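Good morning, and thank you for joining. I should like to take you through one structure, beginning with its sheet and then moving outward.

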Amino acid sequence: MISPAPSVSKIHLLSDATRAEIDSWIAKYPPERKQAAVMAALRIAQDQNGGWLSVELIEAVAEYLQMAPIAVHEVATFYTMYDLKPVGRHKIYVCTNISCQLNGSDRIMNHLQKRLGVKPGETTAGGKFTLKEAECLAACGGAPMMMIGKIYYENLTPEKVDKILDTLD
Ligand code: FES
């Protein structure tokens, strides 16, 4: 549960590298607007933590940006790019928005569910993959598409999906 204000500092949960990266985002905004870096800061903290955000880490980000913990929690729960529980080593985001839907995202999603034995939002036994549905990822010209980690894979077919998954550890 998110506490209204952190009583004990949690900043130490952010590694030096994470803090340095967050600082580079803070530097893009006027000093009194450092909260504008909140989305980037959550992404960086999530990357540090194996792809998900604990309550403590959200509170650490809030403290670092001098924001109310609840405000940062609202951001973390609003966007699908943040995960609030442990995830697999590879997060697969399948776009199911209109262009991808019209070009067969259902087929891709069904194929992935069958191959991995999980539904969207679930992680495979052994923790290799987490399957997720995504809204438009701005690659509509390559529909249907998916993103794994930070890489986009476009014009997908079930066969192409299999080949991609086979290359991942
Ligand atoms: S609708 Fe899928 S990337 Fe835009």
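Let us start with strand β1, residues 90-95, which is joined to β2 by six bridges, the two strands running parallel. Strands here are DSSP runs of E with at least two residues, helices are runs of H or I with at least four, and both are numbered from the N terminus. Two strands count as paired if DSSP finds at least two bridges between them. Before going further, I must say that this is a predicted model: local features need pLDDT of at least 70, side-chain atom pairs count only at pLDDT 80 or more, and totals for chains, interfaces and linings use all residues. Residues are numbered from 1 along each chain as its sequence is written.

Within the pairing of β1 with β2, Val 94 has Glu 133 as its bridge partner, and Cys 95 stands opposite Ala 134. Strand β1 also pairs with β3, in the antiparallel sense and over three bridges; there, Tyr 93 stands opposite Met 147.

What is the strand order of the sheet? It is β2-β1-β3-β4, an open sheet of four strands with mixed pairing. Strands β2 and β4 (151-153) stand at the edges with a single partner strand each, so one side of each has no neighbour in the sheet. On average, neighbouring strands are turned by 25° against each other, direction ignored. Helix α6, residues 105-116, packs on this sheet and touches β1, β2 and β3, its direction making about 150° with that of β1. For such angles, axes are lines fitted to C-alpha atoms, for helices over the stretch in contact, and the values run from 0 to 180 degrees between N-to-C directions. A contact requires C-beta atoms, placed from the backbone, to lie within 7 Å.

Let us now turn to the loop between β2 (129-134) and β3 (146-148), where Pro 144 lies. The peptide bond from Ala 143 to Pro 144 is cis, with omega near 0°. Ala 138 lies in this loop between β2 and β3 as well, and has a positive phi of about 65° although it is not a glycine. Is Ala 138 buried or exposed? Ala 138 is exposed, with 10 other C-beta atoms within 10 Å. By definition, a residue is buried at 20 or more such neighbours, exposed at 12 or fewer, and partly exposed in between, with C-beta atoms placed from the backbone.

A positive phi, of about 55°, is also found at Gln 66, again not a glycine. Gln 66 sits in the loop between α3 (55-64) and α4 and is exposed, with 8 other C-beta atoms within 10 Å.

Next, the helix pair. Helix α2 (residues 38-48) packs with helix α4 (residues 69-78) at about 70°, their axes 10 Å apart. The two are therefore roughly perpendicular, a term that covers 65 to 115 degrees. Val 38, Met 39 and Leu 42 of α2 meet Val 72, Val 75 and Ala 76 of α4.

Finally, the chain overall. It holds seven helices and four strands, in the order α-α-α-α-β-α-α-β-β-β-α from the N terminus. Domain 1 covers 11-78 and domain 2 covers 90-166, with bounds from an automatic or database domain assignment. Their centres, taken over C-alpha atoms, are 28 Å apart. Buried residues make up 27% of the 169 residues.

Definitions and conventions. Parallel < 35°, antiparallel > 145°, perpendicular 65-115°, else oblique. Contact = placed C-beta atoms within 7 Å.
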